[in-house]
Amino acid sequence: MPEKKNAKKEITGEKQLEEAKEKSVEVKKAVVYLGPVITGVSIPGTVYRNGLTPQLKKAVEELPTLKRLLVEVSMAGRIQKELKDAQSAAAICYQKALEYANKKGTKG
């Protein structure tokens, strides 16, 4: 009987180790920026593979709608089509990003 308990503990331990590995290995997908030029932050079409730059992270904190313009590369075509419709969520976010970019561009 003790053999069964040890076997069960071993299986449970392996499962926990596997789950821990899955959690620690975070797969980040590449995203592309589809917003307007924001001087010193980003330009349209920039692909981020290993996370965002510190400047872009700060901009996203200041204007969370920028997240809508950071899309997975596979979704870029769909969002670009959406940007052509002025009433779409992406287009509205683009306009807010444009206002933000203009505000950032002016030296106050």
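In which sense do strand 1 and strand 3 pair, and over how many bridges? The pairing is antiparallel and runs over three bridges. The legends below start from there and walk through a predicted model, one close-up at a time.

**Figure 1. The whole protein chain, with its four helices and three strands**. Let us get our bearings before zooming in. Followed along the sequence, the elements come in the pattern α-β-β-α-β-α-α. The protein chain has 108 residues, of which 26% are buried. About 8300 Å² of the protein chain is exposed, and carbon and sulfur atoms supply 55% of that area. Among the contacts between residues at least 6 apart in sequence, 45% link residues at least 24 apart.

**Figure 2. An open sheet of three strands in the order 2-1-3**. The strands pair in the antiparallel sense. Strand 2 and strand 3 (70-72) are the edge strands, each of them pairing on one side only. For a landmark where strand 1 meets strand 3, look for V31, which stands opposite E72 of strand 3.

**Figure 3. K29, in the loop between helix 1 (2-24) and strand 1**. Is K29 buried or exposed? K29 counts as exposed because its relative accessibility is 56%, and the cut-off for that class is over 50%. Setting aside neighbours within four places in sequence, K29 still has contacts with Y48 and E72. In the sequence, 19 residues separate K29 from Y48, while their C-alpha atoms are 8.6 Å apart in space. The other partner, E72, is the residue of strand 3 that stands opposite V31.

**Figure 4. The largest nonpolar core, a group of 16 residues**. Which members touch the most other members? They are Y33, I38, L56, L66 and L70. Strand 1 (31-33), helix 2 (54-62) and helix 4 (89-105) each contribute at least two residues to this core. Helix 4 gives the largest share, four residues. Another core, of six residues, lies apart from this one, and its members include L34, V71, A76 and I79.

**Figure 5. L56 and the residues around it**. Here we move in on one of the core members that touch the most others. Not counting residues up to four places away in sequence, L56 touches V41, S42, Y48 and L70. Among these partners, L70 is also one of the core members with the most contacts to other members. The next view takes up S42, another partner of L56.

**Figure 6. S42, in the loop between strand 1 and strand 2 (47-48)**. Why does S42 count as buried? The reason is its relative accessibility of 6%, since buried means under 20%. The side chains of S42 and Y48 are joined by a polar contact of 2.7 Å. Leaving out neighbours within four places in sequence, S42 has contacts with Y33, P36, V37, Y48 and L56. Y48 is a partner to watch here, as this residue is also in contact with K29.

**Figure 7. Helix 2, with L56, A59 and V60 buried**. These three residues lie on the same side of helix 2, because they cover an arc of only 100° around the axis. On the other side of helix 2, P54 and E61 are exposed. What covers the buried residues? The cover includes strand 2, strand 3 and helix 4.

**Figure 8. Helix 3 (residues 76-83), with A76, I79 and E82 buried**. The three residues cover an arc of only 120° around the axis, so they fall on the same side of helix 3. Strand 1, strand 3 and helix 4 are among the elements that cover them. Two of the three, A76 and I79, also belong to the core of six residues.

**Figure 9. E82, a residue of helix 3**. Is E82 buried or exposed? E82 counts as buried because its relative accessibility is 18%, with the limit for buried set at under 20%. Beyond its neighbours within four places in sequence, E82 has contacts with R68, S88, A89, A90 and A91.

Key
Residues numbered from 1 in each chain as written. Predicted model: local features only at pLDDT ≥ 70, side-chain atom pairs only at ≥ 80, totals over all residues. Heavy atoms only, no water. Core = buried A, V, L, I, M, F, W, Y, C linked by side-chain atoms within 4.5 Å. Buried < 20%, exposed > 50% of the residue type's maximum accessible area, 1.4 Å probe, protein only. Contact = heavy atoms within 4.5 Å. Polar contact = N/O pair within 3.5 Å; in protein donor to acceptor, adjacent residues only side chain to side chain. Pairing = 2+ DSSP bridges. Areas by Shrake-Rupley, 256 points an atom, 1.4 Å probe, with all protein chains shown as cover. Arc of directions from axis to C-beta.
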